[in-house]
Amino acid sequence: MTYEGVKESLIVSTCNRVEIYACVQDSATGVDRIKQFISDYHGLSRESLDQSLYVYPDAQGVRHTFRVASSLDSMVVGEAQILGQLKDAYDISLKTKTTSTILNKLLKKAISVAKRVRTETN
């Protein structure tokens, strides 16, 4: 199933979160389409979603991606499992061709940033 306006996407699912990374034509429409996807997939009302979702557009989204990959936005700061989960999700997206130029660049850089954080910090 496709959702108009969503050009690229990736889903990361961990034990305590589900994140959808997307490249969209228009931020407002893209967020609406992604909420519709979640609603359709899980059979949830749109109203119940609005209370539970965070949206990080543009530069905020890039910063959040780097923080997640580097395990700075985790229940246990510094744990390596989230980077592995992000890599697994990225591998799946490459196989299914749901990412392209923009998300590929973002995720490659996020993985690089995470490795650097692990190497250069305590």
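# Close-up views of a predicted model

**View 1. The largest nonpolar core has 17 residues, and a few of them touch the most other members.** Those with the most contacts to fellow members are Leu 10, Val 12, Tyr 21, Ala 69 and Leu 86. At least two residues of this core come from each of E1, E2, H3, H4 and H5. Which element gives the most to the core? H5 does, with six residues. Keep in mind as you look around that this is a predicted model.

**View 2. Here we zoom in on Val 12 and its contacts.** Leaving aside residues up to four places away in sequence, Val 12 touches Arg 17, Val 18, Glu 19, Tyr 21, Leu 86 and Ala 89. Two of these names, Tyr 21 and Leu 86, appeared in the first view, where they were listed with Val 12 among the core residues that touch the most other members.

**View 3. Helix H5 runs from residue 101 to residue 120.** With its 20 residues, H5 reaches 28 Å from its first C-alpha to its last, close to the 28 Å expected at 1.5 Å a residue. Now find its buried residues: Leu 103, Asn 104, Leu 106, Leu 107, Ala 110, Ile 111 and Ala 114. Why do they line one face of the helix? Looking down the axis of H5, you would find the buried residues within an arc of 165°, so they line one face. A rule about helices is handy here: an α-helix has 3.6 residues a turn, so residues three or four places apart point the same way.

**View 4. The two sides of H5 have their own stories.** What do the buried residues of H5 pack against? Their partners are strand E1 (6-13), strand E2 (18-24), H3 and helix H4 (81-96). On the face turned away from the buried side, you can pick out the exposed residues Lys 105, Lys 108, Arg 116, Thr 119 and Glu 120.

**View 5. His 64 sits in helix H3, which covers residues 58-69.** Is His 64 buried or exposed? Its relative accessibility is 10%, so His 64 counts as buried, the cut-off being under 20%. Not counting residues up to four places away in sequence, His 64 touches Arg 17, Glu 19, Tyr 21, Tyr 56 and Asp 73.

**View 6. Glu 19 and Arg 17 are joined by a salt bridge.** As a general idea, side chains of opposite charge can pair when their charged atoms come close. In this view, the side chains of Glu 19 and Arg 17 meet with an N to O distance of 2.7 Å. Glu 19 counts as buried because its relative accessibility is 12%. Arg 17 counts as buried too, at 16% relative accessibility. You have met both residues already: each is touched by His 64, and each is touched by Val 12.

**View 7. Asp 32, Arg 33 and Arg 46 belong to one salt-bridge network.** The count for the model comes to five salt bridges. In one of them, Asp 32 pairs with Arg 33, the closest N and O atoms being 3.0 Å apart. Asp 32 is partly exposed, with a relative accessible area of 29%, and Arg 33 is partly exposed at 25%. Another salt bridge brings together the side chains of Arg 46 and Asp 32, at 2.7 Å from N to O. This pair links distant parts of the chain, with Arg 46 in helix H2 and Asp 32 in helix H1, 14 residues apart. Through shared partners, salt bridges join Asp 32, Arg 33 and Arg 46 into one network.

**View 8. Arg 46 lies in helix H2, which spans residues 46-50.** At 23% relative accessibility, Arg 46 counts as partly exposed. Apart from residues up to four places away in sequence, Arg 46 touches Asp 32, Lys 35, Gln 36 and Ser 39. How far from Arg 46 is Ser 70, 24 residues apart along the chain? Their C-alpha atoms are separated by 31 Å.

**View 9. Tyr 3, Phe 37 and Tyr 41 form one aromatic cluster.** The model has three aromatic pairs in its count. Tyr 3 and Phe 37 make an edge-to-face pair, with 5.8 Å centre to centre and 85° between the planes. Tyr 3 lies in the segment before E1 and Phe 37 in helix H1 (residues 27-42), so the pair ties together parts that are 34 residues apart in sequence. Tyr 3 counts as buried at 16% relative accessibility, whereas Phe 37 is partly exposed, with a relative accessible area of 27%.

Note on methods
Residues numbered from 1 in each chain as written. Predicted model: local features only at pLDDT ≥ 70, side-chain atom pairs only at ≥ 80, totals over all residues. Heavy atoms only, no water. Helix = DSSP H or I, 4+ residues; strand = E, 2+ residues; numbered from the N terminus. Buried < 20%, exposed > 50% of the residue type's maximum accessible area, 1.4 Å probe, protein only. Contact = heavy atoms within 4.5 Å. Expected span 1.5 Å × (residues − 1). Arc of directions from axis to C-beta. Phe/Tyr/Trp six-rings, centres within 6.5 Å; stacked < 30°, edge-to-face > 60°. Core = buried A, V, L, I, M, F, W, Y, C linked by side-chain atoms within 4.5 Å. Salt bridge = Lys/Arg side-chain N within 4 Å of Asp/Glu carboxyl O.
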